[in-house]
Amino acid sequence: MKAFTIEFWISRNTWSTSAKNTSWCLLGCAAGDLGTIYLFQLFEWNWSVLAIMSLAMLNGLITSIILETAVLISKDIDFKDAISTAFGMSFLSMVSMELAMNVTDFVLAGGTAQIQLSFLPLILFFGFITPWPYNYWRLKTLGKACH
């Protein structure tokens, strides 16, 4: 089935599975990313916005890999295979998620790196919605999913 047809994009099962996978990734990415930004905000460390956002994105990738490894181990996959699978996840998906979350935060915070509770729904929404179609395509075309 070709990705440029409507039939390709109407599989409820694939959308559901890819949404579940994207949600796990969002949980891991958001924990590291938003946690980093919040710590800089809480302790008032004087770093540039770009440096904070870059470190936040890196930490988001790390926590996503850690969470994915833990989830896979809980499914009786040995550590070596779990960590290999976690590192083999689509970095394009994770980086796009991280970038979407940080751009949304940056815009909502007026060009700063600050987290406010009122921002979280939009930050998480754009973090989820950005990689979700790619994760659907990857699952449908390549049969590759994290879980």
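**Figure 1. D76, an exposed residue in the predicted model.** At 75% relative accessibility, D76 counts as exposed, because exposed means over 50% relative accessible area. This view, like those that follow, is taken from a predicted model. D76 belongs to the loop between helix 2 and helix 3, the latter spanning residues 79–88. Its phi is near 65°, a positive value in a residue other than glycine.

**Figure 2. E44, in the loop between helix 1 and helix 2.** The loop shown here connects helix 1 with helix 2 (49–74), and E44 is located in it. Although E44 is not a glycine, its phi is positive, at about 55°. With a relative accessibility of 67%, E44 counts as exposed.

**Figure 3. The crossing of helix 1 and helix 5.** Helix 1 comprises residues 12–43 and helix 5 comprises residues 120–129; their axes come within 9 Å and cross at roughly 130°. That angle makes helix 1 oblique to helix 5. The crossing in which helix 1 passes helix 5 is right-handed. On the side of helix 1, the contact is made by A19, T22, S23, L26, A30 and L34. Helix 5 contributes L120, I123, L124, G127 and F128. Of the residues in this contact, eight are nonpolar, three are polar and none is charged.

**Figure 4. The buried residues of helix 5.** Which residues of helix 5 are buried? They are I123, G127 and F128. These residues cover an arc of only 125° around the axis, which puts them on the same side of helix 5. In an α-helix there are 3.6 residues a turn, so residues three or four places apart point the same way. The buried residues of helix 5 pack against three helices: helix 1, helix 4 (91–108) and helix 6 (132–142). I123, G127 and F128 also take part in the contact with helix 1 shown in Figure 3.

**Figure 5. S18 and its surroundings.** S18 is part of helix 1. Is this residue, S18, buried or exposed? S18 is buried, since its relative accessible area is 1% and buried means under 20%. When neighbours within four places in sequence are left aside, S18 is in contact with W132, N135, Y136 and L139. The numbering of helix 6, which runs over 132–142, allows the reader to locate these partners of S18.

Note on methods
Residues are numbered from 1 along each chain as its sequence is written. This is a predicted model: local features need pLDDT of at least 70, side-chain atom pairs count only at pLDDT 80 or more; totals for chains, interfaces and linings use all residues. Side-chain values use heavy atoms; hydrogens and water are left out. Axes are lines fitted to C-alpha atoms, for helices over the stretch in contact, and angles run from 0 to 180 degrees between N-to-C directions. Helices (H or I, at least four residues) and strands (E, at least two) are DSSP runs, numbered from the N terminus. Angles under 35 degrees count as roughly parallel, over 145 as roughly antiparallel, 65 to 115 as roughly perpendicular and the rest as oblique. A crossing is left-handed if the near helix is turned anticlockwise from the far one by less than a right angle, and right-handed if clockwise. Contact means heavy atoms within 4.5 Å. Ala, Val, Leu, Ile, Met, Phe, Trp, Tyr, Cys and Pro count as nonpolar, Asp, Glu, Lys and Arg as charged, and the others, Gly among them, as polar. Buried means under 20% relative accessible area, exposed over 50%, partly exposed in between (1.4 Å probe, protein chains only). The arc is that of the directions from the helix axis to the C-beta atoms.
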